[in-house]
Amino acid sequence: MNEPIYVAQPHLPPLAEFLPYLEEIWSTKVLTNGGPFHQQFEHALCEYLGVKHLALCTNGTIGLVTALQALRIKGEVITTPYSFVATAHSLLWNSINPVFVDIDPKSLNLDPSKIEAAITPQTTAILPVHCYGHPCDTDAIQRIADDYNLKVIYDAAHAFGVQDAGGSVLRHGDLSVLSFHATKTFHTFEGGAIICPDARTKQHIDHLKNFGFVNETTVVAPGINGKMSEINAAFGMLQLRHIDATLVQRRRIDATYRSRLSDVAGIRCLHDPGESPGNHSYFPVLVEADYGLSRDGLYQKLKDHGIYARRYFYPLIANFPMYRGMPSAHPNNLPEATMAAQKTLCLPIYPALSDADLERIIALVRAR
Ligand SMILES: *Cc1c(COP(=O)(O)O)cnc(C)c1O
């Protein structure tokens, strides 16, 4: 019996490479509260990502919650139902009403042409997701935001290192939020970051993530504990030494899937790499009616062979109990997202995936 293959396997560098970092923490005895690794990692990440300011945090979800607080977002926020549930949960944690808008069937990102119809006097912001690391139509979204005086916060949890023609996609909107969870392409076990347009915003977020303290005795806001620890920041410094090699391996696996699956009737690989290279964090395919097996049929067949593909994103966020009563959550409002949730399957992609295992997955998908 083969070892089980999961959709993702976290990248762990050789333990020996991490020991010097741990020794440094043990010798300085600074464990958290913006210590030396936290500062180094913020600078190194800004440089790697090509952004000017960012604030590390404990995880992406706290990053989203804090980003919404930093911009004092209230009322209604337009967002996508086709994402991980944390996107909408961050709104509920701020007592904001999510308003779901359908996705573009090609990119599976929020469809800008459907946003305006969902704007009401209560709308204050748009919360799109660069789904699977493929950039949203940022120009169209910004035009609408400008016309209606709305803020834009990007859930960029999938978009580590993604570039568009003008540079990092993380420069778009008012804030962008990364996740460094263990399942993401770049991870620090748990972690995240908020990309800020200026030093003042970063400082405000630094206060919010430290209970609202601005100095020893002054608290200016009901902040949270969202600080990244020195262990996670040190691990991030080490991961940065490996990320380029990781991305090369992912690109190779992506290209193999694409070339070996392109002639399979009923299997559609998403995102032409010529249009948007992304970062190969996921390998989603759409299982169409002419494939012979349903999406769930293929999912089960792979599972029976010890291959744990994932139905990202199914169920839709709008179908979870705390959302499904909302008017915008009705399937009639979300036909494309509803369809995508029924058809997509994310195949395993990670640097340690062996050629033999990759061929085994491909053979199973090919042999309906
Ligand atoms: C992973 C993820 C999050 C949450 O990030 P955590 O670091 O796990 O809190 C939010 N949004 C999307 C789209 C994600 O994939």
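## Loop geometry, a β-α-β unit and the ligand site

Pro315 lies in the loop between strand E13 (307-308) and helix H9 (335-343). The model is a predicted one. The peptide bond that joins Tyr314 to Pro315 is cis, and its omega is about -5°.

Phe313 is found in this loop between E13 and H9 as well. The bond that leads from Tyr312 to Phe313 is also a cis peptide, with omega near 5°.

A further backbone feature occurs at Asn33, a residue other than glycine whose phi is positive, near 60°. Asn33 has its place in the loop that runs between helix H1 (15-28) and helix H2 (36-49).

**Strands E3 and E4**

Strand E3 covers residues 76-79 and strand E4 covers residues 97-100. The two strands run parallel, and 4 bridges join them. Within this pair, Thr79 stands opposite Phe100, a residue of E4. Helix H4 (residues 86-92) makes a β-α-β unit together with E3 and E4, and the unit is right-handed.

**The ligand site**

The ligand occupies the space that is the largest pocket. Two helices, H3 (60-70) and H4, are the elements that give two or more residues to the shell around the ligand. H4 is thus named twice in this report: it belongs to the β-α-β unit with E3 and E4, and it contributes to the ligand shell.

In total, 14 residues surround the ligand. The closest are Gly60, Thr61, Asp155, Ser179 and Lys184. For three of these residues, distances from an oxygen atom of the ligand are listed below.

| Residue | Atom on the protein side | Distance from a ligand oxygen atom |
|---|---|---|
| Gly60 | polar backbone atom | 2.8 Å |
| Thr61 | N or O atom in the side chain | 2.6 Å |
| Lys184 | N or O atom in the side chain | 3.1 Å |

Taken alone, the ligand exposes 390 Å², and 93% of that area is buried by the protein. In the table, the partner atom of Gly60 belongs to the backbone, whereas the side chain provides the partner atom in Thr61 and in Lys184.

Asp155 and Ser179 are likewise among the closest residues to the ligand.

Conventions
Residues are numbered from 1 along each chain as its sequence is written. This is a predicted model: local features need pLDDT of at least 70, side-chain atom pairs count only at pLDDT 80 or more; totals for chains, interfaces and linings use all residues. Side-chain values use heavy atoms; hydrogens and water are left out. Two strands pair if DSSP finds at least two bridges between them. A crossover is right-handed if, with the strands pointing away from the viewer, the path from the first strand over the helix to the second runs clockwise. A residue is near a molecule or strand if one of its heavy atoms lies within 4 Å of it. A polar contact is a pair of N or O atoms within 3.5 Å; within protein, one must be able to donate a hydrogen and the other to accept it, and residues adjacent in sequence count only if both atoms are side-chain atoms. Accessible areas come from the Shrake-Rupley method with a 1.4 Å probe; for residues, only the protein chains shown count as cover. On a 1 Å grid over the protein atoms alone, a cavity is a set of points where a 1.4 Å probe fits but cannot get out, and a pocket is an open set with protein on both sides within 12 Å along at least five of seven lines; lining residues have an atom within 4 Å of a point. A molecule sits in a cavity or pocket if more than half of its atoms lie within 2 Å of its grid points.
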